[in-house]
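This report describes a single protein chain for a reader who is new to structural biology. It begins with charged side chains and then turns to the chain as a whole.

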Amino acid sequence: YLRTPITPNNEFFVRYHLSNIPDSIDPKTYKIAVGGDGANSKAEITLDDLKKLPAVEVVAVNQCSGNRRGLSNPHVAGVEWGYGAMGCARWKGARLKDVVDKVGLKKEAIEIAFNGAEGPAIEKTPDFIKSLPLLKAMDENTILAYEMNGQPLPHFNGAPARLIVPGWTGTYWMKHLIS
């Protein structure tokens, strides 16, 4: 699968951190909640709103943080990936900084947190939330993608929108963004 510069959508690896994955998310009713302690205001961004922002394309490699974990000696906990938990795609979407500009940031903000629609299977499992330092979050190549390789983002690759963080491992590339 890694013999071409761009990994086809149907061959791109899929990895989730939590097991309660949404069956589907209706793009017509999809919203991302934007706000929080470091924001000046709150907003809900629909997929249509996201598509009205200036679109950018970024070619970037997404590599699972656990790629080759199964080859570790001594053994380390986690999914026993071998080789290949990575792919390169052409991602299209809006810059995260353009979305954040909709609510503004307080001068003391230092990170931006993200949550996806996947959830835990049991109540005692914590939600999977990641954050990026402000410098990386506001980078012009950090985007909220709604397309992958010229097609709408596939469901299991994070549709309707996912975070793309070039140069950082896949654990930060949050899928099915809801906040």
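## Salt bridges in the model

The model shown here is predicted. It holds 2 salt bridges. Side chains of opposite charge can pair when their charged atoms come close.

## The pair Lys31 and Glu44

One salt bridge joins the side chains of Lys31 and Glu44, with a distance of 3.6 Å from N to O. The two residues belong to distant parts of the chain: Lys31 is in strand 1 (residues 31–34), Glu44 is in strand 2 (residues 43–46), and 13 residues separate them.

Are these two residues buried or exposed? Lys31 has a relative accessibility of 40% and therefore counts as partly exposed. Glu44 has a relative accessible area of 52%, and this residue is exposed. The cut-off explains the two labels, because exposed means over 50%.

## The pair Glu57 and Arg90

The other salt bridge is formed by Glu57 and Arg90, whose closest N and O atoms are 3.7 Å apart. Glu57 lies in strand 3 (residues 55–63) and Arg90 lies in strand 4 (residues 86–95), so this pair ties together parts that are 33 residues apart in sequence.

Both members of the pair are partly exposed. The relative accessible area is 46% for Glu57 and 39% for Arg90.

## Architecture of the chain

How many helices and strands does the chain have? There are 3 helices and 9 strands. Their order along the sequence follows the pattern β-β-α-β-β-α-β-β-α-β-β-β. The radius of gyration of the chain is 16 Å, close to the 16 Å that the globule rule gives for 179 residues, so the chain is as compact as a globular protein of that length.

Along its principal axes, the C-alpha trace spans about 50 × 40 × 30 Å. Among the contacts with a separation of 6 or more, 68% are between residues 24 or more positions apart.

## Interior, surface and charge

Of the 179 residues in the chain, 41% are buried. The chain exposes about 9900 Å², and carbon and sulfur atoms supply 51% of this area.

The chain carries 21 positive and 19 negative charges. The mean position of the positive charges and that of the negative charges are 3 Å apart.

Key: Residues numbered from 1 in each chain as written. Predicted model: local features only at pLDDT ≥ 70, side-chain atom pairs only at ≥ 80, totals over all residues. Heavy atoms only, no water. Salt bridge = Lys/Arg side-chain N within 4 Å of Asp/Glu carboxyl O. Helix = DSSP H or I, 4+ residues; strand = E, 2+ residues; numbered from the N terminus. Buried < 20%, exposed > 50% of the residue type's maximum accessible area, 1.4 Å probe, protein only. Rg over C-alpha atoms; globule rule 2.2 N^0.38 Å. Contact = heavy atoms within 4.5 Å. Areas by Shrake-Rupley, 256 points an atom, 1.4 Å probe, with all protein chains shown as cover. Lys, Arg positive; Asp, Glu negative; His and termini not counted. Charge placed at Lys NZ, Arg CZ, Asp CG, Glu CD.
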